[in-house]
Amino acid sequence: MAVADDIALIRKQEEVLVFPAFDEAVAFKIGSAIRARAMAENMPIIVDIRLWDRPLFYAAMPGSNASNPDWARRKINVVKRFLRSTYRMVLEQQRPDRAFKIGEGLDISDYVLAGGGFPVTVKGAGVIGVIAVSGLPEREDHGVVVDALCDHLGVDKRSLALASEAE
């Protein structure tokens, strides 16, 4: 699948995966679902769900490491700055060094081009927060979040799933 096709599908994910409302209970439900999947599938990830003003859910799975929270923090900063998924940014920017162009003024210690950060968008309010996963290859980190959002919002996962990289 071409990069342009992936970008178009991620844009569709961002348009479709919109909440009617989002609060602590919703964050806990989604975070718990991601955690349960990670336990069942032995995913060495961390999950960080937050509004812009505070964290709502955090879990670190067996096998995750000290780098994962920092990767998640930098992904969160990217979503907050650009209001779009970090994997979409990766595909749009095409930067193998994981850094934004120098002219953007975004320090690599605070911003990273890596998939796994997805905007929490509420109908009528816009992007109010982020769900970040770190620990798998970036396309998989992104997919874990999208799958959980589809399940929670009652959207057919197959209609929004990116093809595996092997396809």
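**A friendly note on the sheet and its helices**

1. Let us begin inside the sheet of this predicted model: Val47 stands opposite Val133, a residue of strand E5. Val47 falls within strand E2, which covers residues 46-51, and E5 covers residues 126-134. These two strands run antiparallel to one another and are joined over six bridges. A second facing pair along E2 and E5 is Arg50 with Val130.

2. What is the order of the strands in the whole sheet? It is an open sheet of five strands, arranged E1-E4-E5-E2-E3, and the pairing is mixed. At the edges you will find E1 (18-19) and E3 (55-60); each has a single partner strand, so one side of each is left without a neighbour in the sheet. Helix H5 packs on this sheet, where it touches E1, E4 and E5. The direction of H5 makes about 125° with that of E5.

3. On its other side, E5 has E4 as a partner, as the strand order shows. E4 spans residues 117-122, and its pairing with E5 is antiparallel, over six bridges. To find your place in this pair, look for Val120, which stands opposite Gly129 of E5. E4 and E5 form a hairpin with three residues between the strands, and there Gly124 takes a positive phi near 85°.

4. Arg50 deserves a second look. This residue of strand E2 has a relative accessibility of 24%, and therefore counts as partly exposed. Leaving aside residues up to four places away in sequence, Arg50 touches Pro55, Leu56, Ile76, Gly129 and Val130. Val130 is also the residue that Arg50 faces across the strand pair. How far apart in space are Arg50 and Pro62? Their C-alpha atoms are 22 Å apart, while the two residues are 12 apart in sequence.

5. Now turn to helix H4. Is H4 largely enclosed or left open? Seven of its eight residues are buried, so the rest of the structure largely encloses this helix. The buried ones are Thr86, Tyr87, Arg88, Met89, Val90, Leu91 and Gln93. Their cover includes helices H1, H3 and H5 as well as strand E4.

6. One of the elements covering H4 is H1, a helix of residues 3-16. H1 and H4 pack at an angle of about 155°, and their axes are 10 Å apart. Because of that angle, H1 is roughly antiparallel to H4. The crossing is left-handed. From H1, the residues Val3, Asp6, Ile7, Ile10, Arg11 and Glu14 take part, and they meet Tyr87, Arg88, Leu91 and Glu92 of H4. Sorted by class, this contact holds five nonpolar and five charged residues, with no polar ones.

7. Just ahead of H4 sits Ser85, in the loop between H3 (67-82) and H4 (86-93). Is Ser85 buried or exposed? With a relative accessibility of 0%, it counts as buried, because the limit for that class is under 20%. Apart from residues up to four places away in sequence, Ser85 touches Ile10, Glu14, Gly117, Phe118, Pro119 and His142. Among these, Ile10 and Glu14 belong to the H1 side of the contact with H4.

8. The loop between H4 and E4 is also worth a visit. Gln94 follows H4 and lies in this loop; although it is not a glycine, its phi is positive, about 50°. Arg98 is in the loop between H4 and E4 too, and here again a residue that is not a glycine has a positive phi, of about 70°. Arg98 counts as partly exposed because its relative accessibility is 26%.

9. Finally, H5 also meets helix H2 (residues 24-40): the two pack at an angle of about 125°, with axes 10 Å apart. H2 is therefore oblique to H5. The crossing of H2 and H5 is right-handed. On the H2 side, the contact involves Val26, Lys29, Ile30, Ile34 and Arg37; on the H5 side, Gly143, Val144, Asp147, Ala148, Leu149 and His152. By class, the contact between H2 and H5 has six nonpolar, two polar and three charged residues.

Definitions and conventions
Residues numbered from 1 in each chain as written. Predicted model: local features only at pLDDT ≥ 70, side-chain atom pairs only at ≥ 80, totals over all residues. Heavy atoms only, no water. Pairing = 2+ DSSP bridges. Helix = DSSP H or I, 4+ residues; strand = E, 2+ residues; numbered from the N terminus. Buried < 20%, exposed > 50% of the residue type's maximum accessible area, 1.4 Å probe, protein only. Contact = heavy atoms within 4.5 Å. Axes fitted to C-alpha atoms, helices over the stretch in contact; angles between N-to-C directions. Parallel < 35°, antiparallel > 145°, perpendicular 65-115°, else oblique. Left-handed = near helix turned anticlockwise from the far one by under 90°. Nonpolar A, V, L, I, M, F, W, Y, C, P; charged D, E, K, R; others polar.
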